[in-house]
Amino acid sequence: MKDKSAYKTFGVPVTLGAFKGRVHPDYDNPDFLRALSDCRALVSGPSARVLFEKRNRVAAVSIPVSGPTIITPAVMISVPAVSGPLSATATADPRIAGAAGAASSAIDAVVKEFRASGFKKIKTLLASGKAVKAWHGAAACLVRKVPTPLPLAYLERRECGIVAESYFVASRVDGALEIRNLLRTLPPDDLSRLLAALARFLVFAHNQGILHLDLSDGNVLGRSSSPGAYDFFLIDTNRIRVRRKVPLLGRVRNLVRLGVPPAYQDDFLRLYLGDRPGARALRLWYRLNKQGYTGFVAFKKALRLKRLAERLGIQ
């Protein structure tokens, strides 16, 4: 189930007025599709709770569901601690978040409205839009058992071949926070346990060929499943790419955007790399890339390049 067709063809094709997309097979029912037929109202209506609004809008909503739907708000896995982290494996955890088999009147979901502009918008004439990429990224995680909020649907409307509106819908994971909150607030002992669990999680994701091009601490959700234990979920899945094999240097470089506190960075790399030959050189490679990335971010902030890029529609 690791071939591209397994996630490229995931879901049931739907057409809702001018919108086309796909829906999770378990949610292909009249009430759910009726709610999706007006995504604009979903994300801007009085019952929507806006979580983020800048270039894109993200809102928490409740979507009606009817029929014998299987409620699986997130796919969970067990990532065992093993002696060689880079050969870590995982098996499906039967404790899927949410009770399976029972019908529900509604599901808590998060809807992301992508607002492409400028060159980014014109690019969709020849390339997939962000909602499609988010769907494929989440489906790839699903196929490879890498935890992510369950993808429920995506829809897009095109005008003259260019994406005019697009939405990605995923389940909401109860009790999960962006790990930046945990990295900044946990006491030292708990932070060490979180970083150990995070290292195992990322080893597994990379082993499964999942490469998140924006692996920041804002794009990983975390929650405490029991004292000293943590679950993680990848979000912002439009930035996920699937690789047959993620090369070692690419793995280490992929960790650079994570906001691991400086005092813990070396330990985090040791946890990720284990006793692999050349680990010392790889930690140096990480530090060099980390310094370069930190400097670039500071440079952008000083010149306000990100704001300028957003205004020009190229960011």
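This report walks through salt bridges and aromatic pairs in the structure above, which is a predicted model.

**Charged pairs**

Let's begin with the charged side chains. Side chains of opposite charge can pair when their charged atoms come close. Searching the whole structure turns up 17 salt bridges, and three of them are set out here.

| Salt bridge | N to O distance |
|---|---|
| Glu53 and Arg57 | 2.9 Å |
| Arg115 and Glu53 | 3.0 Å |
| Glu159 and Arg157 | 2.5 Å |

Glu53 is a good place to pause, as its side chain meets Arg57 in a salt bridge and also meets Arg115 in one. Glu53 sits in strand S3 (residues 49-53), while Arg115 belongs to the loop between strand S7 (106-114) and helix H4 (118-123), so this pair ties together parts that are 62 residues apart in sequence. How accessible are these residues? Glu53 is partly exposed, at 42% relative accessible area, and Arg115 is partly exposed too, at 29%. Arg57, on the other hand, has a relative accessible area of 16%, so it counts as buried, the cut-off being under 20%.

Now to the salt bridge between Glu159 and Arg157. Here Glu159 is partly exposed, with a relative accessible area of 45%, whereas Arg157 is buried at 17%. Which residues join these two in a network of salt bridges with shared partners? They are Arg40 and Glu165, so to speak the other members of one network with Arg157 and Glu159.

**Aromatic pairs**

Next come the rings. A pair of aromatic rings is described by the distance of the centres and the angle of the planes. The structure holds five aromatic pairs. One of them is formed by Phe19 and Tyr167: the ring centres are 6.1 Å apart and the planes stand at 55°, so the pair is tilted. Phe19 lies in strand S2 (residues 19-23) and Tyr167 in strand S9 (residues 162-171), which makes this a link between distant parts of the chain, 148 residues apart. Phe19 and Tyr167 are both buried.

Phe201 and Phe232 make another tilted pair, with 5.6 Å from centre to centre and 35° between the planes. Helix H7 (residues 188-207) contributes Phe201 and strand S13 (residues 229-234) contributes Phe232, so the pair ties together parts that are 31 residues apart in sequence. Both of these phenylalanines, Phe201 and Phe232, are buried.

Finally, have a look at Phe10, Trp135 and Tyr154, which form one aromatic cluster.

Conventions. Residues are numbered from 1 along each chain as its sequence is written. This is a predicted model: local features need pLDDT of at least 70, side-chain atom pairs count only at pLDDT 80 or more; totals for chains, interfaces and linings use all residues. Side-chain values use heavy atoms; hydrogens and water are left out. A salt bridge is a side-chain nitrogen of Lys or Arg within 4 Å of a carboxyl oxygen of Asp or Glu. Buried means under 20% relative accessible area, exposed over 50%, partly exposed in between (1.4 Å probe, protein chains only). Helices (H or I, at least four residues) and strands (E, at least two) are DSSP runs, numbered from the N terminus. Rings of Phe, Tyr and Trp (its six-membered ring) pair if their centres lie within 6.5 Å; planes under 30 degrees apart count as stacked, over 60 as edge-to-face and the rest as tilted.
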